[in-house]
Amino acid sequence: MSHPNMASLRLDDDDDDEPTDTDLFASPSNTPAPSTAKPTTATKPTPQQSKPKQSKQDLLEARNAQLTAELARIRSINTTIESVTSSLLVAKSNMSTVHTTVNNASTLLATWTRILSQTEHNQRLVLNPAWQGATRDLEDAENEGLKRQVEVERRVLEEERRRVEEERRREEEERRKIVVMEARGGVGRRGSTRAGARSGYTGV
């Protein structure tokens with residue numbers, strides 16, 4: 001009678017009864033769970049809701065609002081321009097006032113300069129020992145006027161004398177021309193008379 005192989009029996013028991021190392025450390029959570037997700041279906045895009053059309057009244061009101069705002073801006077600009085214009089007019093008036101003041105100051109300065117000049121002249125006359133008073137000055141002024149008058153008359157007489165001499169010279173030249181022409185005319189007549197006498201003479 002044969003004995004059973006004990007090693008093979010133990011190995012068989014181990015294989016049947018005890019789990020392997022892989023089975024012991026295997027976790028049920030690591031096992032892949034069956035996929036229960038349903039396939040996603042493509043969602044159709046919802047059509048956009050169309051905007052309600054604006055009525056003519058709304059368009060007119062919007063346009064009127066824009067025009068009103070534009071008018072307000074233009075009025076604001078006009079107000080600014082009017083303010084600037086007023087400022088320029090005021091500045092122009094101020095410049096005119098300054099110009100008038102400067103002209104008046106220039107006139108006063110010129111008058112004051114003449115006064116100082118006359119004062120200096122009077123001072124020189126008073127301090128001049130050769131000055132013989134205002135009467136002598138008047139006499140000197142009269143004498144100076146007489147001298148100028150005499151000089152003018154002398155120039156007139158000199159001009160008249162030159163004119164007379166020029167006229168006399170022209171008359172003398174005219175006389176000389178007449179004498180020369182008469183002399184030439186007499187010689188021509190005498191020559192023609194002699195030529196006629198010779199042509200009329202006949203020999204014996």
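**Salt bridges and surface in a four-helix chain**

Student: Which side chain does Glu 151 meet in a salt bridge?
Tutor: Keep in mind that this is a predicted model. Its atoms put a side-chain N to O distance of 2.4 Å at this salt bridge, inside the 4 Å cut-off for a nitrogen of Lys or Arg and a carboxyl oxygen of Asp or Glu. The partner of Glu 151 is Arg 154.

Student: How many residues apart are Glu 151 and Arg 154, and in which helix?
Tutor: Both belong to one helix, which covers residues 134-200. About one helical turn separates Glu 151 from Arg 154, because they are 3 residues apart in helix H4.

Student: Is Arg 154 buried, partly exposed or exposed?
Tutor: Buried means under 20% relative accessible area, and exposed means over 50%. Arg 154 comes in at 45%, and its partner Glu 151 has 29%. Since 45% lies between the two cut-offs, Arg 154 counts as partly exposed.

Student: What is the N to O distance between Glu 70 and Arg 73?
Tutor: These two lie in helix H3, 3 residues apart, or about one turn of the helix. Glu 70 is partly exposed at 36%, and Arg 73 is partly exposed at 47%. Their side chains meet in a salt bridge, with an N to O distance of 2.2 Å.

Student: Which side chain meets Glu 160 in a salt bridge?
Tutor: Glu 160 is partly exposed, with 37% relative accessible area. Look 3 residues away in helix H4, about one helical turn. There, at 2.2 Å from N to O, the salt-bridge partner is Arg 163.

Student: Which residues do salt bridges that share partners join into one network?
Tutor: Side chains of opposite charge can pair when their charged atoms come close. Here the shared partners link up one network, made of Glu 158, Glu 159, Arg 161, Arg 162 and Glu 165.

Student: How many salt bridges are there by this rule?
Tutor: We've met Glu 70 with Arg 73 and Glu 151 with Arg 154, among others. Counting by the 4 Å rule, the number of salt bridges comes to 13.

Student: What percentage of the chain's residues count as buried?
Tutor: The chain has 4 helices and 0 strands, and exposes about 20,000 Å², with carbon and sulfur atoms supplying 58% of that area. To count as buried, a residue needs under 20% relative accessible area. Of the 204 residues, the buried share is 1%.

Student: What is the area of the nonpolar surface patch that includes Trp 112?
Tutor: Trp 112 sits in helix H3, which spans residues 56-127. Trp 112 makes the patch together with Ile 115 and Leu 116, and its area is about 310 Å².

Conventions. Residues are numbered from 1 along each chain as its sequence is written. This is a predicted model: local features need pLDDT of at least 70, side-chain atom pairs count only at pLDDT 80 or more; totals for chains, interfaces and linings use all residues. Side-chain values use heavy atoms; hydrogens and water are left out. Patches are made of residues with over 30% relative accessible area and no salt bridge: like charges are joined within 9 Å, nonpolar side chains (Val, Leu, Ile, Met, Phe, Trp, Tyr) within 5 Å. Accessible areas come from the Shrake-Rupley method with a 1.4 Å probe; for residues, only the protein chains shown count as cover. Buried means under 20% relative accessible area, exposed over 50%, partly exposed in between (1.4 Å probe, protein chains only).
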